[in-house]
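Let's take a friendly walk through a structure together. Have the sequence and the 3D view ready, and follow along step by step.

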Amino acid sequence: MAELQCIVVTPEQTVRETLADFVTVTLFDGEIGIGPGHTPFIGRLGCGEMRIRHGNESERFYVEGGFVEVVGNVVSLLTNRAIPADKIDEKAAYQQMETARNQAAHTPELMAAREQAVAQGRAQLRVVRRAIG
Amino acid sequence: MAKAKALDRRRKSIRSIRKITRTMELISTAQFRKAMDRAVAVSAYAKRIVALVGHLTTAGLEVKHPLLEAHAETSNAALLVLSANRGLCGGYNGSVLRHGMSQLKQLRATVPEVRLEVSGKRGISAFRFRKIEIAERFTQFDNKPTFAEVEVLANRYLEWYQSGRLDRLDVVYTKFESLGRQYAVVETLLPLAQLDGAGQNGNHDENPNSPHIQYEFLPSAASIVDEVVPASFKVKLFKCFLDAAVSEQIARRVAMKNATENADSMIGSLSIAYNRARQGQITGELLEIVGGAEALNK
């Protein structure tokens, strides 16, 4: 069976470049699963979990915003942040969510920023809690 | 005796200075490696963004975004000068500041409101010395600027630009071209003149002969553009910071290497002078003894 090539890059480093059987990423509105032979597409990422399965092994990352591009069995992710699931700081994520939640927001922009910060914190927590089991 | 002793003292102090410059050279070599790796990583990211934009234009989409359009009137400009936090790096800070000064003068002549923002202690003190007001100063970007830090800055500029508080953003930094060549440049980052990769019909694709691929866009091509344009601005700004960091390390390494070599040659010539002085002294003493003995014999 054909394999996928999966590349995750952030502005600071190439986080992962690996072969995979199946990749799951979180788009702006929910998860999408990408197997070999997927139709070419460019999608906007949301913040959430990314899973790379190769054989019996599976890797999990927290990914925050950016794009995913799939073409010819190559999945490339361009994202601002990609953290391996076991490296997420649970306390910091919780803190971020709480401070964002308690912030006053008077304008639509501030509200949007707050929503985003809360969503980011929540997504991180979700990823990290799944990692713990 | 006095002369030889003084020479020896000088030689000792130069030796300890040489130790310092040599260590600094080694440190900046190591830091340069690290900074270089980061610069390579960001250019990999930037390349992918360019490719993405290329694919978007191939799909027959016109890339339009408020950030790409210049405002009708430029009444608010910002100038960001990236200098180093530390000195001892040769002409690095000097050339950035020289460019910054002349650009500032030029902007002040044409634009009514110019905001000066400076990163790096050296730049801050230079502008303060010239009694030029700095609107915002940063010292947190040392030799390892992180994307998260730069993003905060970038987001602020983007917001200002879109709300009309800012019409133009210039960045003065030292561009890293190769190991042997870095130079200070002024780059206009806002308005983004053109998105790299746009308007080239995607020909820069890794495989130029590949047939045009029909992409699916989720949620829509327009929404991807909305996201790509700010992302490419952020990456550009981040690249400026990284280039500046790499160039600083190179400049420091070269400066310290020269200093070490100079110290070496100074130690050499001082050693010769010292040996000569010591020898002269010994000869003098011998002569005195011989002369004394001769006088006694008579």
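Before we look at how two chains meet, we need one idea: two residues are in contact if their C-beta atoms, placed from the backbone, lie within 7 Å. Keep in mind, too, that this is a predicted model.

With that in hand, how many residues does each chain bring to the contact? Chain A takes part with 20 residues and chain B with 24 residues. On the side of chain A that touches chain B, the elements giving two or more residues are β5 (41-44), β8 (67-71) and β9 (74-78) of chain A. Of these, β5(A) gives the most, with 4 residues. Sorted by character, the residues on this side of chain A are 10 nonpolar, 7 polar and 3 charged.

Now look closer at β5(A). This strand is joined by 3 bridges to strand β6 (residues 216-218) of chain B, and the two run parallel. To find one of these links, look for I42(A), whose bridge partner in β6(B) is F217(B).

Next, turn to a sheet within chain A. This open sheet has 5 strands in the order β4-β3-β6-β7-β10 (chain A), with antiparallel pairing. Why do β4 (30-34) and β10 (81-84) of chain A have one side without a neighbour in the sheet? They stand at the edges, each with a single partner strand, so one side of each is left free of a neighbour there. On average, neighbouring strands of this sheet are turned by 20° against each other, direction ignored.

Finally, look inside that sheet. Strand β6 (residues 47-54) of chain A and strand β7 (residues 57-64) of chain A run antiparallel and are joined by 8 bridges. Here R53(A) has S58(A), in β7(A), as its bridge partner.

Methods: Residues numbered from 1 in each chain as written. Chains lettered and ligands numbered in written order. Predicted model: local features only at pLDDT ≥ 70, side-chain atom pairs only at ≥ 80, totals over all residues. Pairing = 2+ DSSP bridges. Axes fitted to C-alpha atoms, helices over the stretch in contact; angles between N-to-C directions. Nonpolar A, V, L, I, M, F, W, Y, C, P; charged D, E, K, R; others polar.
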